[in-house]
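This briefing covers the DNA contacts, the chain interface and a domain boundary of one model. Please look over the sequence and coordinates first.

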Number of protein chains: 2
Amino acid sequence: MSPVDLAPQELRTLVAVADERGFSAAAVRLGTTQSAVSHAVRGIERKVGVVLFERGRYGARPTAAGERAAAHARRILRMLEVLVTETREAARDGKIGEIGEIGGPLRIAAFRSAALYLLPPVLERLAARHPGIEATVTVVREVGPGTAGEVADGRADLGIATIGTSSPIPPELVGDVLLEEPYALVHPAGHPRPRSLPLVDWQENCSSYTRQWWAAQDWIPTATVRAEDDGAVLSMVGSGLGMAIMPGLSLTGAPPTTAITDLGPERPTRRVGYVTTPELAATAAVRALVRELRADAKPQVRAV
Amino acid sequence: MSPVDLAPQELRTLVAVADERGFSAAAVRLGTTQSAVSHAVRGIERKVGVVLFERGRYGARPTAAGERAAAHARRILRMLEVLVTETREAARDGKIGEIGEIGGPLRIAAFRSAALYLLPPVLERLAARHPGIEATVTVVREVGPGTAGEVADGRADLGIATIGTSSPIPPELVGDVLLEEPYALVHPAGHPRPRSLPLVDWQENCSSYTRQWWAAQDWIPTATVRAEDDGAVLSMVGSGLGMAIMPGLSLTGAPPTTAITDLGPERPTRRVGYVTTPELAATAAVRALVRELRADAKPQVRAV
DNA sequence: CGGATCCATGAGCCGTCCTCATAGCAGCAG
DNA sequence: CTGCTGCTATGAGGACGGCTCATGGATCCG
């Protein structure tokens, strides 16, 4: 008999305040009043017995406990949605002769190159096969917790992530590798000695093995330029400002003024895969997406 | 914007009706009236748009959709509990100097021999180390979905299960093998030709490999006696009524009137492990239990 | 044909949660 | 210092949802 009972509306309030970092902003998002939010948060804190937000002039910042509570709340809210859609699917599947048409929202977190070059054909086929699924893609920097963090915090149902020894699949999540792609050298087309150009680097592409490989190459210049993301890197290379070492996916959109050179048999590679939560892994919508991802990834694996 | 919103009380109603197979019985469990349950179920069915229970004079039986909804509901309710306890733990851990004392309820499902001979020392140490944890063990037959089914349906937080190729860890759950134990022959002590006795069998001990091994043994008599559970088998053997082939855990409680004979290097074995849901795997209480299970299991693995 | 045992339904009550209005507080500009 | 502008806190009142109570309908049973 637990005297604590958080209603869905309270969970939504929790999430909104944590996301918007303020009671007033959260009220706008929820379509309610600031007063309601204040009352609700106070009630939740009383029930749980923990201060979840630090209030101040600036608004409200979640405490460590509040952050954790919000992450749980996001996932519980998602499971409530799943309960409804899965129950409806089960009811439809019961009627003989009809094939259950799967549908519902599907939130995908992906790093930039995956969102631009890997997902579009996959989502196109997914939409053709299951018109009821409403997929939304949010681009997330693959730094820190990255796309897997989005999934763990309940902000996404499935994440496209780089998977390696330095960034394994978190224990509370499940997932698999989809493809392993090589890094390659990209440089301005027609340049006489491309390896003499400065190296353009960006934040997200570093796995431990890749760094190690870099260190072993004596021709890589120490003077490097740092750019915002892989798209910026490519356009800089295209303008003749330098060369770069980038994974295959990022090179899909390389402008015509660039040339790509293979790095040989010892070239570094990176593994790209998906992660999701176990309860969502059993979902028809997520399974359908994974199926399409696999169908798309296999030829590329073979090509490598 | 989904117009569906199931309150915790509604989830509890769902679970109670599914468990008790009747509105009136569910009302008693929930400490409310039959009318409230009827209204609530009707409201839920209207919101979800699916008939969840078949009503009859016998009471109410969940439909396939209702069964699924109840399983989801159980897990969501458990996650709501986890949200609260984890949030409180996070708040306590925030205060420097204090070590967070973990606590809360912990529901374990185990098959009979594990509950009798594997869990007691583990739970004793767990209780000594974390007095706040309230562990409850329910004995479940390891047939059909077994202990893993209890976990998947949200009736238990962790299950002790036999793990093999014919019964792998379900994809929506996580877990690991704890120990691999051999089957051995148990027979009445002092019997001149124990292998001539009828074989006493019981429901739960069959893995595919074990069955295969049995078939390859020409000395196993075809005339077998079938008993209720492994305890009953042991007492029958102890009374001189037959012999049996049983896994090590079940033999821990063998009476003194029995003798145990090793089956040699080709003897069949079974793997015993634990399963839990991914969201619970991250819980401090579950992690503490798994730690104790591992500490207890390792020596046994070495002994085999 | 009562009687027992289910679930269904309508009326009315009560608590919960929301809105509205207002107060308190901190920074900032003049 | 004062007034303005963000923000949150708080109290009073009202709408709504969910509960109880009482009753009705269906089915099985002796």
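Helices and strands are DSSP runs, helices being H or I runs of at least four residues and strands E runs of at least two, numbered from the N terminus. By that numbering, α2 (23-30) and α3 of chain A, together with α3 of chain B, each supply at least two residues of the surface near DNA strand D. The model is a predicted one. Residues of both protein chains are among those closest to DNA strand C, and the same holds for DNA strand D. Chain A and chain B also contact each other, with 33 residues from each.

**DNA strand C**

- The strand is surrounded by 19 residues, of which the closest are Thr32(A), Ser35(A), Phe23(B), Ser24(B) and Arg55(B). Of the atoms of DNA strand C that come within 4 Å of the protein, 61% are accounted for by sugar and phosphate.
- Phosphate oxygens of DNA strand C lie 2.6 Å from a side-chain N or O atom of Thr32(A) and 2.9 Å from a side-chain N or O atom of Thr33(A).
- From chain B, Arg42(B) places a polar side-chain atom 3.0 Å from a phosphate oxygen of DNA strand C.
- The elements that each supply at least two residues of the surface near DNA strand C are α3 (34-48) of chain A and, from chain B, α2 (23-30), α3 (34-48) and β2 (59-62). With five residues, α3(B) gives the most to this surface.
- Sorted by class, the surface near DNA strand C consists of three nonpolar, twelve polar and four charged residues.

**DNA strand D**

- Around DNA strand D there are 18 residues, the closest being Phe23(A), Ser24(A), Arg55(A), Thr32(B) and Ser35(B).
- Sugar or phosphate makes up 54% of the atoms of DNA strand D within 4 Å of the protein, and bases make up the rest.
- Base atoms of DNA strand D are approached by Ser35 of both chains: a polar side-chain atom of Ser35(A) is 2.9 Å from a base oxygen, and a polar side-chain atom of Ser35(B) is 2.6 Å from a base nitrogen.
- Arg57(B) has a polar side-chain atom 3.3 Å from a sugar or linking oxygen of DNA strand D.
- α3(A) contributes the largest share of the surface near DNA strand D, five residues. By class, that surface has two nonpolar, twelve polar and four charged residues.

**Interface of chain B and chain A**

- About 3,100 Å² is buried between chain B and chain A, with 71% of it on carbon and sulfur atoms.
- Four salt bridges are found across this interface. One salt bridge joins Arg68(A) to Glu86(B), whose closest N and O atoms are 2.8 Å apart.
- Eight residue pairs are in polar contact across the interface of chain B and chain A, both residues being at pLDDT 80 or more.
- On the side of chain B that touches chain A, α1 (8-20), α3, α4 (64-94) and α10 (278-281) of chain B each supply at least two residues. The most, 17 residues, come from α4(B).
- That side of chain B is made up of 21 nonpolar, three polar and nine charged residues.

**Domain 1 and domain 2 of chain A**

- Chain A is divided into domain 1 (1-100), domain 2 (110-180 + 271-303) and domain 3 (181-268).
- Taken over C-alpha atoms, the centres of domain 1 and domain 2 of chain A are 25 Å apart. Nine residues of domain 1 of chain A and 13 residues of domain 2 of chain A take part in the contact.
- Domain 1 and domain 2 of chain A bury about 900 Å² between them, 47% of it on carbon and sulfur atoms. Of the area buried by domain 1 of chain A against domain 2 of chain A, 59% is supplied by Arg74(A), Arg75(A) and Arg78(A), more than any other three residues.
- Three salt bridges are counted between these two domains of chain A. Arg75(A) forms a salt bridge with Glu279(A), with the closest N and O atoms 3.4 Å apart.
- The two domains have four residue pairs in polar contact, both residues at pLDDT 80 or more.
- Helix α4 (residues 64-94) of chain A supplies eight residues, the largest share of the side of domain 1 of chain A that touches domain 2 of chain A. By class, this side has three nonpolar, no polar and six charged residues.

How values were computed
Residues are numbered from 1 along each chain as its sequence is written. Chains are lettered from A and ligands numbered from 1 in the order in which they are written. This is a predicted model: local features need pLDDT of at least 70, side-chain atom pairs count only at pLDDT 80 or more; totals for chains, interfaces and linings use all residues. Side-chain values use heavy atoms; hydrogens and water are left out. A residue is near a molecule or strand if one of its heavy atoms lies within 4 Å of it. A polar contact is a pair of N or O atoms within 3.5 Å; within protein, one must be able to donate a hydrogen and the other to accept it, and residues adjacent in sequence count only if both atoms are side-chain atoms. Ala, Val, Leu, Ile, Met, Phe, Trp, Tyr, Cys and Pro count as nonpolar, Asp, Glu, Lys and Arg as charged, and the others, Gly among them, as polar. Contact means heavy atoms within 4.5 Å. Buried area is the accessible area (1.4 Å probe) that two parts lose on being put together, summed over both. A salt bridge is a side-chain nitrogen of Lys or Arg within 4 Å of a carboxyl oxygen of Asp or Glu. Domain bounds come from an automatic or database domain assignment.
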